[in-house]
Amino acid sequence: KEEGRNTYRLYRADMHARDHRDLALETALRNTAETGEGLAVHYQPLIDRDSGEVRGAEALLRWTSPELGVVSPGDFIPLAERSGLILPLGRRLMTLVAGQLRAWRKAGLAPPPVAINLSARQFWQQDLVDEVRRLYADFDLPPGQIGFELTESTLIDRHQRAAATLEALRELGCYIAIDDFGTGYSSLSYLQELPVTTIKIDRSFIRGLGQSRGSVAILAAVTGLARELGLRVVAEGVETEVQLEALKAYHVSLIQGFLTGRPVAADTFRECYLVRPPR
Ligand code: C2E
Ligand code: CA
Ligand code: CA
Ligand code: CA
């Protein structure tokens, strides 16, 4: 009985520590959302395996809190979504990306389309389309310079309304990718009903390539479906040559992963992917 009580106390203390940590994190995140301090964007290249060229990049938010140090997206993005802070943070990210793209273009470089992740809350906010339109105008971006990644769960519930928003974004030239494809829902009919351009095969399926038969079966099904529907396929989380070979067999040529390039700071991205040595 004595022991039981101790265990209980420990458990309580642990819960307390976690609540406390969550609260500290949220307070710090709230400050950052207000000031923008400590936010940065990393860019991960999307590589065409056949030509080696950069076909796009994904913008990934990075946060170094003045109080807490580096916090991983896996920790702060879910919190930002729960608390609603993803709205101001997302707005800051979009401005950072657009500013970066304008700077690169002014320097005579030709940055590829950059994909921005949108969580459900951001996608369903009233003025998203206006905001994106303004972004294109304010930063003199050519059509197609910015695209978006959304997950299946964001789109599936109210796909009628989702279609209207996606249509408007497509008119601005934005491409639309389904992120983490295959992890969300079993229904595929929405793919036919929404103006989606790209599907990104989730890392969990890529990981199994060369190891499990199931992963190959899923790859075959997904690439077959994409071909029928005229969708572009991106493989994400590619880490090994074995995986790359397996993808080749299914004609997946757009690769995003540590094998072809990790997410890097803007300056490194510029050096590695935008400035080409003269031939
Ligand atoms: P995601 O959208 O699926 O982004 C891809 C994640 O996979 C990134 O993690 C990236 O660093 C990681 N990754 C890329 N290639 C590889 C690989 O070969 N192997 C492995 N193991 N990982 C790889 P990151 O940057 O930690 O982001 C995690 C998640 O946080 C993202 O997953 C996305 O859902 C979310 N996130 C990041 N930035 C933003 C943002 O600006 N807005 C929103 N709403 N969500 C964001
Ligand atoms: Ca993504
Ligand atoms: Ca993903
Ligand atoms: Ca993900």
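**Calcium site and largest pocket**

The chain has a mean pLDDT of 91, with 92% of its residues at 70 or more, and the model is a predicted one. For the complex, the predictor gives an ipTM of 0.97 together with a pTM of 0.92. The points below take up the calcium ions and then the largest pocket.

Calcium coordination
- The calcium ion (ligand 2) has as its protein donors E58 (OE), N117 (OD1), E149 (OE) and D179 (OD), which lie 2.2 to 2.3 Å from the ion.
- Along the chain, the donors of this calcium ion (ligand 2) are spaced in the pattern E-x58-N-x31-E-x29-D.
- The pair N117 and D179 links distant parts of the chain, since N117 sits in strand β4 (residues 114-117) and D179 in strand β6 (residues 176-181), 62 residues apart.
- D179 also forms a bridge between the calcium ion (ligand 2) and the calcium ion (ligand 3), and these two ions are 3.8 Å apart.

Accessibility of two donors
- N117 counts as partly exposed because its relative accessibility is 26%, whereas D179, at 9% relative accessibility, counts as buried.

Largest pocket
- The largest pocket holds about 960 Å³ of space, and of the 35 residues that line this pocket, E58, L60, P73, N117 and D179 are the closest to its centre.
- Two or more lining residues come from each of β2 (54-65), α2 (73-83), α3 (86-106), α4 (120-123), β5 (146-151) and β6.
- Sorted by class, the lining of the largest pocket comprises 14 nonpolar, 11 polar and 10 charged residues.
- E58, N117 and D179, named among the residues closest to the pocket centre, are also among the protein donors of the calcium ion (ligand 2).

Note on methods
Residues numbered from 1 in each chain as written. Chains lettered and ligands numbered in written order. Predicted model: local features only at pLDDT ≥ 70, side-chain atom pairs only at ≥ 80, totals over all residues. Heavy atoms only, no water. Donors = N, O, S within 2.8 Å, 3.2 Å for Na, K, Ca; no water. Helix = DSSP H or I, 4+ residues; strand = E, 2+ residues; numbered from the N terminus. Buried < 20%, exposed > 50% of the residue type's maximum accessible area, 1.4 Å probe, protein only. pLDDT = per-residue confidence, 0-100. 1 Å grid on protein atoms, 1.4 Å probe; cavity = no way out; pocket = protein on both sides within 12 Å on 5 of 7 lines; lining within 4 Å. Points joined across faces, edges and corners; volume = space filled by probe spheres on them. Nonpolar A, V, L, I, M, F, W, Y, C, P; charged D, E, K, R; others polar.
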